[in-house]
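Good morning, and thank you for coming. I would ask you to open the sequence and the coordinates before I begin.

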Amino acid sequence: MPVRLDRLLGITLELMAKRRVTATELAAKFEVSARTVYRDVDLINQAGIPVASFSGADGGFELMGGFFLTRQQFSVDDFTVIYTLLKAMEGTIGSAAASPMRKLASLHPALANDGSRENLILDMSAPERERELVQELYRAIRQSRVVRLAYASANGTFSERSVEPLNLLWEKGAWYLEGDCRSRKARRYFRLSRIARAEATEETFVPRRLPEQADPPEAQGIRAHLRFDPSVRTRVLEQFPGECEYLGERIEVRTVFYTKEYALSLIASYGTKVDILAPDELRDDVIAHIEAIRQHYASKREGDST
């Protein structure tokens, strides 16, 4: 997560710059709880940077005596991977990426040279509307504010949700919000492209542990078995990632369509390059769909000739 990476890097730089710093000071600087600071310091230790913890009135954290972090411990290539990941997300998450990028560039000025990153090109951008959502939800996460969502499920059903946002996730080319859904009383993942409206409220929350439960089935969908001609291989691979099986001179796909309208329009778009192996009802529906299109244009032609 960019939020966690930003904070871990910031805490490490604070420890490098100061003799000793308290959990309270770090919590205030990074707008998190003292408990989160302790967890972050544990992660920094696990990464190989020894942080000593002291109790008492003058207690706090500091780097262990004799240890110092220098840029020579990391190559330009090491930093480039992290820098490029942040750069790819900068257009979406804004200052959340810009701040750690500046810190990394100060450790290795060569990162400012675009030529050092030309071998690794990543694109984690998002449409303008989703960028606004990411940044608004990011603020809500930082401030522990409840958000109200108008959300569309996979089958197109809209519902209003009150959510305690926890993390923003990037997976397989899409952004997701992880949070505790109050109406479902369970942890949920909301795809940002399906969020019609998001509003951060004034209500704050304390993150809690909830049992992770599967969403109740909102719709069974249409389980289809399709066979495609290899001439449409590229499109099929893009449209059904992870669902394709090569069987000699054909490509077979087992997938689920959550609406009949989408299934009919997609299958019809492949014309004679696809066969419906199952279910029989879907084959009949496609035939009826194509016939309805034929009749529509036949009536148009008759109307034009009169």
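Which residue in strand 10 does Phe 228 stand opposite? The residue is Ile 251. Please keep in mind throughout that this is a predicted model.

Let me place that pair in its surroundings. Strand 8, residues 222–228, and strand 10, residues 250–257, are paired in the antiparallel sense, and seven bridges join them. They belong to an open sheet of four strands, whose order is 9-10-8-11 and whose pairing is antiparallel. At the edges are strand 9 (244–247) and strand 11 (274–278), each of which pairs on one side only. Ignoring direction, neighbouring strands of this sheet are turned by 30° against each other on average. A helix accompanies this sheet: helix 8, residues 260–269, lies across strand 8, strand 10 and strand 11. Helix 8 runs at about 160° to strand 10.

I turn next to the other sheet. Here five strands form an open arrangement in the order 6-5-4-3-7, again with antiparallel pairing. Its edge strands are strand 6 (186–191) and strand 7 (195–204), and each of these pairs on one side only. From one strand to the next, the twist averages 45°. Within this sheet, strand 5, which covers residues 174–181, pairs with strand 6 in the antiparallel sense over six bridges. To find one position in that region, look at Tyr 176, which stands opposite Arg 191 in strand 6.

Which helix packs on this sheet? That is helix 6, residues 128–143. Helix 6 touches strand 3 (145–152), strand 4 (158–171), strand 5 and strand 7. The direction of helix 6 makes about 20° with that of strand 7.

My last topic is a pair of helices. In general, two packed helices are described by the angle between their axes and the distance between the axes. For helix 2 (residues 23–30) and helix 3 (residues 34–46), the axes come within 8 Å and cross at roughly 100°. Angles of 65 to 115 degrees count as roughly perpendicular, and helix 2 and helix 3 are therefore roughly perpendicular to each other.

Which residues make the contact? Helix 2 contributes Ala 23, Leu 26 and Ala 27, while helix 3 contributes Ala 34, Val 37 and Tyr 38. Sorted by class, this contact has six nonpolar residues, no polar residues and no charged residues.

That concludes my presentation, and I am glad to take questions.

Technical notes: Residues are numbered from 1 along each chain as its sequence is written. This is a predicted model: local features need pLDDT of at least 70, side-chain atom pairs count only at pLDDT 80 or more; totals for chains, interfaces and linings use all residues. Side-chain values use heavy atoms; hydrogens and water are left out. Two strands pair if DSSP finds at least two bridges between them. Helices (H or I, at least four residues) and strands (E, at least two) are DSSP runs, numbered from the N terminus. Axes are lines fitted to C-alpha atoms, for helices over the stretch in contact, and angles run from 0 to 180 degrees between N-to-C directions. Contact means heavy atoms within 4.5 Å. Angles under 35 degrees count as roughly parallel, over 145 as roughly antiparallel, 65 to 115 as roughly perpendicular and the rest as oblique. Ala, Val, Leu, Ile, Met, Phe, Trp, Tyr, Cys and Pro count as nonpolar, Asp, Glu, Lys and Arg as charged, and the others, Gly among them, as polar.
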